[in-house]
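Below is a brief report on one protein chain. Look at the structure first, then read on.

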Amino acid sequence: MAVNQDLVGREFPPTAPYLVGREKVREFARAVFADAPQHTDLKAARAAGFSDVVAPPTFAMVIQDLTLQQLLGQEDSGIVLARTIHAEQRFTYTRPIVAGDELTAQLRVTGIRMMGGNAMITSEAEITDPAGAHVVTATSVLLVGAEPTADEGEAA
């Protein structure tokens, strides 16, 4: 099955609220080698004007992943996980994510570009706080490889 072109424009329900934990921020910062003190040290974060430790910019992917799971779980998507790679990621922030934030995300598929049987699926997850204020937009491009041909299937 090819990637379903009707995914373009599809919006998914908002995710359940995600409470950003201080230890999760610290763990993530260590995992991505984000060594600025405001990511792990509460005093440093407060001295910099934040209420708690500040998540590295790519932490938004943790929340966006909840929305991508919705997309990947669509039976009519034509997306085969075994042939899918995460090809591109961008973030557009209104403000940093800090521990204590409770964030909700909503995904919208914004485009599908076909290239020789491969599909590049672009989606945007709008991440907001409980008041509905924008925090970050996380944009992902998933590359879904073409279905193997009969000849390729025999060679495997």
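## The S2–S5 pairing

Strands S2 and S5 run antiparallel and are joined by nine bridges. S5 covers residues 134-144. S2 covers residues 84-93. Across this pairing, Tyr 93 stands opposite Val 136 of S5. The model is a predicted one.

## The sheet

The pair belongs to an open sheet of five strands. Its order is S1-S3-S4-S5-S2, and the pairing is antiparallel. Two strands form the edges: S1 (18-19) and S2. Each of them pairs on one side only.

## Overall build

The protein chain holds four helices and five strands. Read from the N terminus, the elements follow the pattern β-α-α-α-β-β-β-β-α. The C-alpha trace spans about 60 × 35 × 20 Å along its principal axes.

Of the 156 residues, 38% are buried. Among contacts with a separation of 6 or more, 69% involve residues 24 or more positions apart.

## A buried threonine in S5

Which strand holds Thr 139? Thr 139 is found in strand S5. Is Thr 139 buried or exposed? Thr 139 counts as buried because its relative accessibility is 6%, and the cut-off for burial is under 20%.

Its contacts can be listed, leaving aside neighbours within four places in sequence. Thr 139 touches Gln 64, Glu 88, Gln 89 and Arg 90. Thr 139 is also in contact with Thr 122, Ser 123 and Glu 124.

## Surface and charge

The accessible surface of the protein chain comes to about 8400 Å². Carbon and sulfur atoms account for 55% of that surface.

The chain carries 12 positive and 20 negative charges. The mean positions of the two sets are 10 Å apart.

## Salt bridges

Side chains of opposite charge can pair when their charged atoms come close. How many salt bridges does the count give? The count comes to six. Three of them are described here, starting with Arg 10 and Asp 76.

In that salt bridge, the closest N and O atoms are 2.9 Å apart. The pair links distant parts of the chain, 66 residues apart. Arg 10 sits in the segment before S1. Asp 76 sits in the loop between helix H3 (60-72) and S2. Both partners are partly exposed: Arg 10 has a relative accessible area of 21%, and Asp 76 has a relative accessibility of 33%.

## Two further pairs

Arg 22 forms a salt bridge with Asp 52, and the closest N and O atoms are 2.8 Å apart. Arg 22 lies in helix H1 (residues 22-31) and Asp 52 in the loop between helix H2 (42-47) and H3, so the salt bridge ties together parts that are 30 residues apart in sequence. Arg 22 is partly exposed, at 31% relative accessibility. Asp 52 is buried, with a relative accessible area of 10%.

Another salt bridge joins the side chains of Arg 90 and Glu 88, at 2.2 Å from N to O. Arg 90 is partly exposed at 40% relative accessibility, and Glu 88 is partly exposed at 34%. Arg 90 and Glu 88 are both among the contacts of Thr 139.

Methods
Residues are numbered from 1 along each chain as its sequence is written. This is a predicted model: local features need pLDDT of at least 70, side-chain atom pairs count only at pLDDT 80 or more; totals for chains, interfaces and linings use all residues. Side-chain values use heavy atoms; hydrogens and water are left out. Buried means under 20% relative accessible area, exposed over 50%, partly exposed in between (1.4 Å probe, protein chains only). Contact means heavy atoms within 4.5 Å. Accessible areas come from the Shrake-Rupley method with a 1.4 Å probe; for residues, only the protein chains shown count as cover. Lys and Arg count as positive and Asp and Glu as negative; His and the chain ends are not counted. The place of a charge is taken as NZ of Lys, CZ of Arg, CG of Asp or CD of Glu. Two strands pair if DSSP finds at least two bridges between them. A salt bridge is a side-chain nitrogen of Lys or Arg within 4 Å of a carboxyl oxygen of Asp or Glu.
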